[in-house]
Amino acid sequence: MLDAVSLDQLRTFIAAVDEGSFSAASRKLLRSQSVVSETISNLEEQIGVQLFDRSGRYPKLTAAGSAILGDARSIIAGVDLLKARAKGMSAGLEPELSVVIDVFYPIDAITQVAKEFRQKYPGVALRIYVEALGGAIKPVLDGRCSIGVVGSLPVIPDTLTYERLPGIAFLMVAARDHALTSYRGKLPKEVLAKHTQIVLTDRSELSSGREFGVMSAATWRLADLFAKHHFLLKGLGWGGMPLHAVRKDLEEGRLSVLPIEDVPPDGLILTMSAVWQTKSPPGPAGRWFVDRLKQIPVETGKVPKPPVNSKKARRSEKT
């Protein structure tokens with residue numbers, strides 16, 4: 001019976017786990033819920049292991065199911081890698097690799113990978129685009145880029161396959177002389193709402209009608225992270241920035257972290273992913289590019305403390 005286990009069954013099992021329910025998996029896979037349920041039941045019968053506990057409202061992964069899940073992911077990843085290698089061998093190495101990068105992703109990591117890429121694949125032209133929100137996914141959907149590195153748009157379309165990359169630290173900050181930095185204690189959302197928030201806007205239509213991380217009705221919208229950074233430095237509002245982009249400003253006291261209610265002191269971790277069209281997996285060069293990104297550490301951890309004001313320090317010592 002084990003020989004009858006199919007890749008389709010394993011993909012359905014993984015989708016049910018990732019989506020949290022059979023109904024959500026059915027929507028992702030564009031199948032009826034009954035087909036998803038029957039596929040997983042057949043898989044359980046063939047391997048002789050109960051993968052889900054169905055006694056509650058939602059199916060819950062059993063201990064045995066958790067153990068099998070890792071094997072299933074390894075098998076599917078191996079098959080996808082086989083397909084990518086076969087594609088490269090049959091069609092030859094990609095003449096060009098086009099990658100669109102989310103503006104929040106550290107450019108130092110990209111340049112490091114690009115430098116190694118040039119040495120490993122000197123005959124492959126590399127094109128890099130930098131976009132935000134849906135702009136980092138649309139070129140992949142349109143076929144203009146073979147790979148996307150995304151994070152600021154949390155919803156990944158069903159036609160794309162994704163693999164997780166290291167997440168990045170994301171903080172809410174304001175200029176050191178902004179009114180919000182003098183607030184004592186945790187900042188309530190209603191206080192934030194009274195001040196202008198600097199927000200990145202989407203060049204695409206993929207996030208139309210949806211807001212991500214917007215807490216104020218008063219917003220200034222910019223399409224460029226560099227411009228947003230400078231607006232924040234000039235005290236024109238408050239907003240979210242990746243830690244790697246503002247670390248030096250925090251260390252030198254130009255920006256301050258806003259202690260917001262329900263937000264950890266060291267900021268949030270923004271999940272990043274590499275994506276591509278499921279029907280067009282990366283070839284050898286693209287596959288290497290994604291695997292290398294997974295190995296590059298990105299900046300997270302403790303937020304740097306602002307410099308100590310020497311006059312204030314001496315004053316406190318006297319008192």
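Let's start at a small landmark: just after helix α9 comes G253, a residue with a positive phi, near 85°. The model you are looking at is predicted, and this spot is a handy place from which to explore it.

Step back into the helix itself. Helix α9 covers residues 243–251, and its buried residues are L243, V246, R247, D249 and L250. What do these buried residues of α9 pack against? Their partners are β6, α8 (225–233), β9 and β10 (255–257).

One of those partners, strand β9, spans residues 239–242. In a regular strand, side chains alternate between the two faces of the sheet. You can follow this in β9, where G239 and M241 point one way while G240 and P242 point the other way. Are these four residues of β9 buried or exposed? All of them are buried.

Strand β9 also has a pairing partner: β6 (residues 160–175) runs antiparallel to β9, and the two are joined over four bridges. To find the pairing by eye, look for V173, which stands opposite G239 in β9.

Now let's visit the surface. I107, I128 and V130 together make a nonpolar patch of about 240 Å². I128 sits in strand β4, residues 125–131. With a relative accessible area of 33%, I128 counts as partly exposed, because that class lies between the buried limit of 20% and the exposed limit of 50%.

Finally, zoom out to the whole protein chain. Its secondary structure comes to 11 helices and 11 strands, and 41% of its 319 residues are buried. The accessible surface comes to about 17,300 Å², with 53% of that belonging to carbon and sulfur atoms.

Notes. Residues are numbered from 1 along each chain as its sequence is written. This is a predicted model: local features need pLDDT of at least 70, side-chain atom pairs count only at pLDDT 80 or more; totals for chains, interfaces and linings use all residues. Side-chain values use heavy atoms; hydrogens and water are left out. Patches are made of residues with over 30% relative accessible area and no salt bridge: like charges are joined within 9 Å, nonpolar side chains (Val, Leu, Ile, Met, Phe, Trp, Tyr) within 5 Å. Accessible areas come from the Shrake-Rupley method with a 1.4 Å probe; for residues, only the protein chains shown count as cover. A salt bridge is a side-chain nitrogen of Lys or Arg within 4 Å of a carboxyl oxygen of Asp or Glu. Buried means under 20% relative accessible area, exposed over 50%, partly exposed in between (1.4 Å probe, protein chains only). Two strands pair if DSSP finds at least two bridges between them. Contact means heavy atoms within 4.5 Å.
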